[in-house]
Amino acid sequence: SRLLSEWLIYYSSDEMGDALSALAAWHDKDPATSVSRYVAAVSRKPPDAAGIAINKARRRVAHYFFRMAMLWRENLIDTRLLGDALQTSTFDFFVSVVAPIDEAHAAQVIKTRPYDMRPRDLFRHVAEKLRREERSSAP
């Protein structure tokens with residue numbers, strides 16, 4: 001419980017807020033090219049300021065979610081608690097914005113394969129479960 005509380009406080013921090021905002025703005029500029037623009041920005045030699053900034057944001061947010069997934073896999077938090085702690089929109093953001101950029105970073109920038117899809121699959125599952133529960137409890 002204390003560990004989750006610390007993670008939620010970190011999620012509310014200015015650094016995390018800045019990283020989430022940067023990724024949202026990057027994505028919203030043109031969702032269809034978000035990933036390819038990311039790869040181009042971070043692949044420049046030397047990387048430009050935009051590439052450095054968006055990579056830093058990606059890393060901060062992706063690592064946060066990977067750690068949350070690790071806590072869940074180790075049974076330190078359960079699915080209900082995870083869902084109560086973070087909103088459906090948070091999981092959707094990770095699945096649709098952060099994970100595709102992070103996957104491209106692993107595959108195309110640092111050439112790591114295979115990419116660990118378990119966190120993305122977990123958060124997709126939690127978001128779908130929360131949506132089902134919301135629909136079933138709606139009047």
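# A tour from P119 outward

Start by selecting P119, which sits in helix α7, residues 118-137. The model on screen is predicted. P119 is buried, and its relative accessible area is 1%. To see what surrounds P119, show F66, A69, R73 and F94, the residues in contact with it once neighbours within four places in sequence are left aside. Then add N75: from P119 to N75 is 44 residues in sequence and 14 Å in space, C-alpha to C-alpha.

**Next stop: α6 and α7**

Two packed helices are described by the angle between their axes and the distance between the axes. Select α6 and α7, whose axes lie 9 Å apart at an angle of about 155 degrees. Angles over 145 degrees count as roughly antiparallel, and α6 and α7 are therefore roughly antiparallel to each other. Their crossing is left-handed. To display the contact, pick T88, F91, D92, F94, V95, A99, P100 and E103 on α6, and on α7 pick P119, R120, F123, R124, V126, A127, L130, R131 and E134. Coloured by residue type, the contact of α6 with α7 shows 10 nonpolar, 1 polar and 6 charged residues.

**Next stop: α4 and α6**

Keep α6 (residues 88-109) and add α4 (residues 49-73); the two axes come within 10 Å and cross at roughly 120 degrees. How are α4 and α6 oriented to each other? They are oblique. The crossing of α4 and α6 is left-handed. On the α4 side, select N55, R58, V61, A62, F65 and F66; on the α6 side, select T90, F94, V98, I101, D102 and H105. The residues of this contact comprise 7 nonpolar, 3 polar and 2 charged. F66 and F94 have come up before, as contacts of P119.

**Last stop: α1**

Move to helix α1, residues 2-11, and select L4, W7 and Y11, which are buried. Look down the axis of α1: the buried residues fall within an arc of 60 degrees, so they line one face of the helix. Now colour R2 and I9, which are exposed on the other side of α1. What covers the buried residues of α1? Show α2 (14-29), α4, α5 (79-85) and α6, which are included in that cover.

How values were computed: Residues are numbered from 1 along each chain as its sequence is written. This is a predicted model: local features need pLDDT of at least 70, side-chain atom pairs count only at pLDDT 80 or more; totals for chains, interfaces and linings use all residues. Side-chain values use heavy atoms; hydrogens and water are left out. Axes are lines fitted to C-alpha atoms, for helices over the stretch in contact, and angles run from 0 to 180 degrees between N-to-C directions. Helices (H or I, at least four residues) and strands (E, at least two) are DSSP runs, numbered from the N terminus. Angles under 35 degrees count as roughly parallel, over 145 as roughly antiparallel, 65 to 115 as roughly perpendicular and the rest as oblique. A crossing is left-handed if the near helix is turned anticlockwise from the far one by less than a right angle, and right-handed if clockwise. Contact means heavy atoms within 4.5 Å. Ala, Val, Leu, Ile, Met, Phe, Trp, Tyr, Cys and Pro count as nonpolar, Asp, Glu, Lys and Arg as charged, and the others, Gly among them, as polar. Buried means under 20% relative accessible area, exposed over 50%, partly exposed in between (1.4 Å probe, protein chains only). The arc is that of the directions from the helix axis to the C-beta atoms.
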